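Let's take a walk through a protein together. Have the sequence and the 3D view open, and we'll go one step at a time.

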Amino acid sequence: MRPIDLRSDTLTRPTPAMRRAMAEAEVGDDVYGEDPTVNRLEALAAEMLGLESALFLPTGTMANQVALLLHLPRGAEVVVPEGAHLYEYELGAPALLAGALVRPVPAPYGVPDLEALQGALRPGPFQAPTGLLALENTHNLAGGTVVPLEVQEAFLRLAQAHRLPTHLDGARLFNAATFLGVEAARLARGFTTVTVSLSKGLGAPVGSLLLLPKALLPEARRYRKLLGGGWRQAGVLAAAGLLALTEGPKHLERDHALARTLAQGLLRLGLEVDPQAVQTNMVYARVKDPQGFLARLRAQGVLAGAVGGRVRFVTHRDLRDEEIPEALRRVEAALQAKAP
Ligand SMILES: Cc1ncc(COP(=O)(O)O)c(C=O)c1O
């Protein structure tokens with residue numbers, strides 16, 4: 001039985017077109033800035049997202065952490081929506097690398113409470129000063145949820161009023177743009193720096209981008225190198241990234257529709273799913289014993305993940321349409337199976 005893998009949208013394999021592009025990529029040494037395919041990817045990303053420049057990095061984690069290094073003096077705070085990936089799932093890197101404190105604020109459905117955010121600002125000099133405001137769109141732990149445009153605008157106005165830089169963890173920014181029916185550039189506009197992943201819903205095997213002002217680019221390149229991300233003939237990866245950026249967004253509407261179908265099916269089977277949180281390509285279900293349930297799912301040929309004490313299902317490009325009803329049949333069988 002072929003397993004149906006719903007653990008993450010990072011699991012997609014490069015398409016045949018990507019593999020061809022990778023094989024034929026023109027390359028050079030990117031540490032010297034001489035890889036033409038990387039340079040093309042960075043230029044296209046900057047243009048598509050409306051920021052001055054872009055840097056290609058191995059991971060979203062590295063992109064986020066380079067951003068913190070760029071923005072924060074040691075001992076300063078970054079304010080994030082609760083559950084932010086850069087705080088919860090980047091292994092304490094803000095403390096280890098930038099020497100930063102992270103202050104989470106309440107964020108139902110990943111949408112920060114702006115009054116709480118305002119109250120979280122620390123001007124100094126008797127406290128660690130606030131040095132950066134961050135947003136995550138879509139918000140992974142909240143369910144792949146989207147920040148409404150008006151909240152984003154109020155967030156940016158608040159930052160501007162306090163002369164604070166802003167970082168957007170847009171690992172899945174194109175999913176948010178698809179949900180809202182706007183260009184991704186509309187969601188990136190106004191932020192000082194933006195992370196976008198190519199290796200998630202967009203389907204590239206490896207890679208993320210950090211969008212940033214031109215003036216910060218030399219320092220960002222220095223931090224990338226320092227963190228071990230100074231890669232050489234990375235054009236073989238950027239070639240896949242170019243296709244992810246141009247072709248990937250077209251597939252996201254389908255991923256989202258599959259997630260809705262999956263959520264409706266899980267609800268019918270009696271699982272505790274919050275339909276309001278199912279906005280993009282993720283479905284979280286609250287179950288009593290997530291690990292036990294995951295094991296029973298695995299035995300039936302469905303792979304899901306345990307995230308934040310819940311079970312997470314993620315739809316992606318490598319799924320066939322008919323695998324969602326089939327996954328639901330297998331979930332039903334897992335629910336009927338006795339706990340071992
Ligand atoms: C919102 C968000 N930001 C950043 C990352 C980190 O990306 P990477 O796995 O490429 O380090 C992830 C990974 O899932 C994520 O969900």
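We'll begin with the overall layout, then visit the domain interface, the ligand and a couple of backbone details.

First, keep in mind that what you're looking at is a predicted model. The chain splits into two domains: domain 1 covers 4–10 + 251–336, and domain 2 covers 14–249. Notice how domain 1 is written in two pieces, 4–10 and 251–336. If you mark the C-alpha centre of each domain, the two centres are 27 Å apart. Where the domains touch, domain 1 brings 20 residues to the contact and domain 2 brings 25.

Now let's look at that interface. Between them, domain 1 and domain 2 bury about 1900 Å², and carbon and sulfur atoms account for 48% of this area. Over in domain 1, three residues lose the most area to domain 2: L252, Q279 and R317, which together make up 33% of what that side buries.

What holds hands across the interface? The search turns up 13 residue pairs in polar contact between domain 1 and domain 2. On the domain 1 side, you can pick out α12 (252–268), β10 (282–286) and β13 (310–314), each supplying at least two of the residues that touch domain 2. The biggest giver is α12, with four residues. Sort that side of domain 1 by class and you get five nonpolar, eight polar and seven charged residues.

There's also one salt bridge across the interface of domain 1 and domain 2. To see a salt bridge up close, find R172 and D9: their closest N and O atoms are 2.7 Å apart. In the whole structure, the search finds 16 salt bridges. The pair of D9 and R172 is a nice one to trace, since it links distant parts of the chain, 163 residues apart. D9 sits in the loop between β1 (4–5) and α1 (16–24), while R172 sits in the loop between β6 (166–170) and α8 (173–180).

Keep your eye on R172, and move on to the ligand. Which residues surround the ligand? The list is T59, G60, T61, N64, H85, E90, E136, N140, D169, A171, R172 and K200. So R172 turns up here too, as well as in the salt bridge with D9. An N or O atom in the R172 side chain is 2.8 Å from an oxygen atom of the ligand. G60 uses its backbone instead: one of its backbone N or O atoms lies 2.8 Å from a ligand oxygen. For D169, look at the side chain, where an N or O atom is 2.7 Å from a nitrogen atom of the ligand.

Finally, two backbone details are worth a stop. The peptide bond joining N137 and T138 is cis, with omega at about 0°. You'll find T138 in the loop between β5 (130–136) and α7 (149–161). The other stop is L91, in the loop between α4 (85–88) and α5 (93–98). Its phi is near 60°, a positive value in a residue other than glycine.

Terms used: Residues are numbered from 1 along each chain as its sequence is written. This is a predicted model: local features need pLDDT of at least 70, side-chain atom pairs count only at pLDDT 80 or more; totals for chains, interfaces and linings use all residues. Side-chain values use heavy atoms; hydrogens and water are left out. Domain bounds come from an automatic or database domain assignment. Contact means heavy atoms within 4.5 Å. Buried area is the accessible area (1.4 Å probe) that two parts lose on being put together, summed over both. A salt bridge is a side-chain nitrogen of Lys or Arg within 4 Å of a carboxyl oxygen of Asp or Glu. A polar contact is a pair of N or O atoms within 3.5 Å; within protein, one must be able to donate a hydrogen and the other to accept it, and residues adjacent in sequence count only if both atoms are side-chain atoms. Ala, Val, Leu, Ile, Met, Phe, Trp, Tyr, Cys and Pro count as nonpolar, Asp, Glu, Lys and Arg as charged, and the others, Gly among them, as polar. A residue is near a molecule or strand if one of its heavy atoms lies within 4 Å of it.
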